[in-house]
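Good morning, and thank you for making time for this presentation. Please bring up the structure on your screens, and we shall go through it region by region.

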Amino acid sequence: MRFILPLFLATACQGWSPSLHLPRSLSRTTALQSSANDVNVVLRPSEDPEAFDSFRIGSARVHRYIRDSLGSEEDAKYVMWYHGRPANFDEEKELPPLTTGRIGRATSNNGLHWKKTTEGSLAEDVPDVTLGLNKESWWGFDTAHVGLGQVLLPMSTPAVMTEGGVYLMYYMGGSYDETPVASYLKDVPESSASAKIKGMKLKIGVALSQDGITWGRVEGDDPSGACMAPYEKSDPNMKYIARMRDDDDSILNIEEELYCGWPEVAVQIIDEKASQKVAGKTPPAFFMYYSTMTKDTKEKCIACAVSADGFRWLKRGVVVRPDESGLDEAGCARSNVIKKAAYNEETGVWTDEKGFIMYYEGVSKEDNKHRVMAAESDDGRTWKKLGVAFDVGGDSTWDCEGVGSPHVLRLDDGSLRMYYTGQSADGSTAIGVAKCAPEDHVGGWTREQAQFTFA
């Protein structure tokens with residue numbers, strides 16, 4: 001049955017292999033066209049209607065590299081991965097109205113002025129992407145659309161690139177399998193009680209790359225090839241979850257889930273000799289925070305999973321859920337987690353401290369807008385909310401209808417820079433930047449000027 005997605009489903013979508021083949025790559029670079037009016041916009045949809053990102057873009061993830069610890073800003077290189085879709089991507093209107101589609105890449109010398117570098121694999125389904133739709137496995141979870149979660153280079157620090165590192169890309173995908181629209185809504189109009197949607201049962205996958213350009217999918221344990229799938233008690237492949245115990249050997253109570261998307265993965269360096277073992281176990285090295293919707297309550301939450309190697313994951317349940325009142329009452333999703341750190345002004349060096357900061361997307365019931373919220377944790381599992389970190393723009397601005405999908409970098413001058421997705425009143429999206437001092441990271445972000453105009 002053909003189904004034209006109704007407006008009410010957009011609310012449900014908010015929240016906004018070991019075999020490995022690395023085929024050869026191709027490249028083509030295009031300059032970014034920008035408007036002088038939106039001074040903190042750094043990336044927009046392509047003007048070429050044939051480009052993979054000509055309609056909407058989102059979920060920027062940025063790495064800043066220098067080749068050694070003595071390098072300066074002049075030696076730095078920035079790389080951005082993001083996802084997007086063209087206007088003709090879902091002509092039948094069967095998929096969720098998201099910015100997901102395929103994943104691309106851009107580069108910059110200063111993190112503010114970007115060039116889209118349409119380098120990718122000849123094995124992908126279109127030529128201008130780094131990760132496209134899965135056309136080799138018809139049964140795969142990522143055949144209809146894919147979206148970016150996080151890119152890691154675990155053998156390097158956030159600022160210094162080491163030779164021979166391997167990139168890990170965590171992404172989500174949807175297939176053409178149908179699920180009932182009623183599954184995602186508390187109140188379903190009678191006229192849509194039997195409606196179906198494709199690509200909404202998101203699952204998470206992982207891909208590997210030696211250069212950050214050409215990627216090979218790693219087949220996960222789920223029959224669809226995913227490394228993380230929504231928990232269903234009726235799924236015979238998930239019976240073990242009901243018997244799982246936590247890292248401290250306590251009994252877990254994992255809620256059933258409707259989708260798993262927008263994976264954020266944080267790495268915790270474990271010193272085997274100095275680590276505090278719990279119940280005789282070394283703490284997990286990888287934490288995944290993913291967006292989900294609980295089956296029973298229809299809450300949009302952030303759940304956690306842990307892993308020793310970054311490939312096989314164990315669910316640990318919901319860690320951030322909406323407040324009964326507040327600006328995330330309608331849902332929590334799309335997070336970025338970084339280590340707490342202190343900046344030494346004399347040496348110009350950041351030093352990691354105990355604990356984590358999470359920036360996540362909160363949805364308000366009052367105005368239905370998305371904002372960047374903050375929370376903190378000592379252990380990565382128990383989170384204390386801190387409030388709104390970064391708010392929507394003023395009336396008629398390019399990001400007046402929502403800001404989200406945050407990604408935060410530490411800079412050499414002791415400040416923090418946030419890349420985020422903004423949405424305007426007409427529904428168009430772009431990537432913008434904001435900046436703050438570390439002590440002002442809750443409520444102190446200001447939009448950073450990335451473009452210049454002359455009167």
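In the hairpin formed by β17 and β18, six residues lie between the strands, and G310 adopts a positive phi near 85° there. I should say at once that this is a predicted model. The two strands of the hairpin run antiparallel and are joined by five bridges. If you wish to find the register, V306 is placed opposite L314 of β18. How many of the residues of β18 are buried? Five of its seven residues are, so β18 is largely enclosed by the rest of the structure.

Before I go further, a word on confidence. The mean pLDDT of the chain is 86, and 82% of the residues score at least 70. Two stretches call for caution. Over residues 157-163 the pLDDT is below 50, although that stretch has 17 contacts in the model beyond near neighbours in sequence. The pLDDT is also below 50 over residues 271-275, where four such contacts are present.

Let me turn to E299. This residue is located in the loop between β16 and β17. Is E299 buried, partly exposed or exposed? Its relative accessibility is 22%, and E299 therefore counts as partly exposed, the cut-off for buried being under 20%. Apart from neighbours within four places in sequence, E299 contacts T292, M293, T294, R321 and P322. Its side chain also makes a polar contact of 3.2 Å with that of T297. As for E329, which is 30 residues away from E299 along the chain, the C-alpha atoms of the two are separated by 9.4 Å.

One contact of E299 deserves separate mention. The side chains of E299 and R321 form a salt bridge, with an N to O distance of 2.8 Å. R321 belongs to the loop between β18 (314-320) and β19 (331-344), while E299 belongs to the loop between β16 (286-294) and β17 (300-307), so this pair ties together parts that are 22 residues apart in sequence. R321 is likewise partly exposed, with a relative accessible area of 31%.

That brings us to the other salt bridges. The count for the model comes to 30. One of them links the side chains of D38 and R44 at 3.5 Å, N to O. Are these two partners buried or exposed? D38 counts as buried at 19% relative accessibility, and R44 is buried as well, with a relative accessible area of 15%. Another salt bridge joins D367 to R371, at 2.7 Å from N to O. Here D367 is partly exposed, with a relative accessible area of 32%, whereas R371 is buried, at 8%. In addition, D246, D247, R316 and R381 are joined into one network by salt bridges that share partners.

I now move to an open sheet elsewhere in the chain. Which strands form it, and in what order? There are four strands, in the order β9-β10-β13-β14, and their pairing is antiparallel. The edges are taken by β9 (145-152) and β14 (216-218); each has a single partner strand, so one side of each is left without a neighbour in the sheet. From one strand to the next, the twist averages 35°. As general background, strands of a sheet pair through backbone hydrogen bonds, either parallel or antiparallel.

Within this sheet, β9 pairs with β10, residues 167-174, in the antiparallel sense over seven bridges. To locate the register on your screen, look for Q150, which stands opposite Y170 in β10.

Finally, consider T143, in the loop between β8 (120-121) and β9. With 8% relative accessibility, T143 counts as buried. Which residues does T143 contact, leaving aside its neighbours within four places in sequence? They are L133, N134, K135, S137, W138, G174, S175 and Y176.

To close, I would single out two points for discussion. The first is the salt bridge between R321 and E299, which ties together parts that are 22 residues apart in sequence, since the two partners lie in separate loops. The second is the confidence over residues 157-163, where the pLDDT is below 50. Thank you for your attention.

Notes
Residues are numbered from 1 along each chain as its sequence is written. This is a predicted model: local features need pLDDT of at least 70, side-chain atom pairs count only at pLDDT 80 or more; totals for chains, interfaces and linings use all residues. Side-chain values use heavy atoms; hydrogens and water are left out. Two strands pair if DSSP finds at least two bridges between them. Axes are lines fitted to C-alpha atoms, for helices over the stretch in contact, and angles run from 0 to 180 degrees between N-to-C directions. pLDDT is the predictor's confidence in each residue, from 0 to 100. Contact means heavy atoms within 4.5 Å. A salt bridge is a side-chain nitrogen of Lys or Arg within 4 Å of a carboxyl oxygen of Asp or Glu. Buried means under 20% relative accessible area, exposed over 50%, partly exposed in between (1.4 Å probe, protein chains only). A polar contact is a pair of N or O atoms within 3.5 Å; within protein, one must be able to donate a hydrogen and the other to accept it, and residues adjacent in sequence count only if both atoms are side-chain atoms.
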